[in-house]
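Reader: I am new to this structure. Please walk me through its cavities, its surface and its ring pairs.

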Amino acid sequence: MATQPISPARRKRILRVIFISLLLDLISFTFILPLFPRLLEFYRDLETTQGSSNSILSRILLALNAYKQSFSRPISDRYDVVLLGGALGSLFSALQAIASPFIGSLSDKYGRRTALLWSMTGNIASVALWVAATDFRTFLASRVVGGLSEGNVQLATAMAADISDEKQRASTMALVGSCFSIAFTFGPALGAALANVETVVANPFATAAGFSLFLIVVETIYLYMYLPETLPSSRTAEPTDGPIAKPEAPPKPHQRTNSYLILNFTHFIFILFFSGMEFSFPFMTYDLFAYTSSQSGRLLGFIGLLASILQGGVTRRMHPLRSIQVGVISCIASFFLLGRLTTEAGLWTAAALLAVTTSTVVTGLNTLSSFEAAESERGGKMGNHRSWGQFGRALGPLLFCTLYWWAGRDVAYAVGGAGMLGVCALVFGGLKAPSGISNRG
């Protein structure tokens, strides 16, 4: 039986719910990013004061220091907490890579709304643990719970695909992608400001954590009240609150244009190199220009702001394959420029190129991935696609920073640029434009 087409008015309402809820979720998620150095220093100093020599944090720091000592050049103790933050980020991404396919498949079986509300339950538990984290063990538990339960991004992407036809898909995915840019522009700054408000002596970050919890709870209530089920199979008898087209019958068998293996591998390789570069940014700006945390924050804010402008005005009008191609070429240019930087003007030029990449590549890959999945398998397929990217994000910082400190900045960024050339070959030689969309842009 053919599924009922969704009316324009209903689609607009659902898109609004997806956008607002995802923005709340990502702002809450980004609160913690600028706090990692101070937060981890707090737990390290706390355990030093308590004389805990056999704790989880002590053992992790011992292992990281042994790893740090293996480099051919000395690394300042200033980077101890940076490396620890990277290790926790890799753990979170690895857990996401494991959980994403299951969350996606469950959403295909039980519905996007049901899967998302259960995911929100895990998110609430994760942030609540952060509020109560007066020791590192509790904080680590909050990251583990969050990594295993966070499904908002992939489910928002799947829901956006559910309610978009082939002509609307690219612009809808760009709207979802703009949530990232907006959140990463304002969320870290808000989190840093709230961290200066101390309400609980035993956990100086409880104010930021508490507000993050407030946003997650508001998001959950909002989703429960306003988000309908978006699975196409649930639209067999949709209320007609606006003009709709007549249902088509019988449905045509789904035709794939691109290999899912090539799409997923492209996502993995791109994120592997791109996330490594992202993590090395604070090292590089500090070494070359003695940037403080606030200066690095302004640079990242510039990238996020420019990316959000591009997604809203340019990416949503581009063909998804063309947006990937443009973003990868921009990334190659930024890698080789970063490897040869001598001036701050060059740094900000590279940042502008990275903003182009941020606003295009992942959005385009998600769009192509959505075209290759039949309606009944969309959640699972897109969950697998996200999983490959998260595995890349788990490995990228570790591998890239190892190369950075063993061989130097020039070699690290040259290898990163060469890796992006490989991505470029995959994009131009292995990916095709789906037949159902026009060659815009």
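Author: Helices (H or I, at least four residues) and strands (E, at least two) are DSSP runs, numbered from the N terminus. This is a predicted model: local features need pLDDT of at least 70, side-chain atom pairs count only at pLDDT 80 or more, and totals for chains, interfaces and linings use all residues. Residues are numbered from 1 along each chain as its sequence is written, and side-chain values use heavy atoms, with hydrogens and water left out.

Reader: In which helix does Tyr226 lie?

Author: Tyr226 belongs to a nonpolar surface patch of about 540 Å², made with Val217, Ile221, Tyr224 and Met225. Patch residues have over 30% relative accessible area (Shrake-Rupley, 1.4 Å probe) and no salt bridge (Lys or Arg side-chain nitrogen within 4 Å of an Asp or Glu carboxyl oxygen); nonpolar side chains are joined within 5 Å. The helix that holds Tyr226 is H9.

Reader: What volume does the largest cavity have?

Author: A cavity is a set of points on a 1 Å grid where a 1.4 Å probe fits but cannot get out. Three cavities reach 30 Å³ or more. Volume is the space filled by probe spheres set on the points. For the largest cavity that gives about 230 Å³.

Reader: Which residues lie closest to its centre?

Author: The largest cavity is lined by 16 residues, where lining means an atom within 4 Å of a point. H1 (8-30), H5 (112-131), H6 (136-149) and H9 (206-226) each give two or more. Closest to the centre are Ser28, Phe29, Ser126, Val127 and Arg143.

Reader: How many residues apart are Tyr43 and Phe136?

Author: Tyr43 and Phe136 form an edge-to-face pair (ring centres within 6.5 Å, planes over 60 degrees apart). Their centres are 6.1 Å apart, with 70 degrees between the planes. Tyr43 sits in H2 and Phe136 in H6, and the separation along the chain is 93 residues.

Definitions and conventions. 1 Å grid on protein atoms, 1.4 Å probe; cavity = no way out; pocket = protein on both sides within 12 Å on 5 of 7 lines; lining within 4 Å. Patch = residues over 30% accessible without salt bridge, like charges linked within 9 Å, V, L, I, M, F, W, Y side chains within 5 Å. Phe/Tyr/Trp six-rings, centres within 6.5 Å; stacked < 30°, edge-to-face > 60°.
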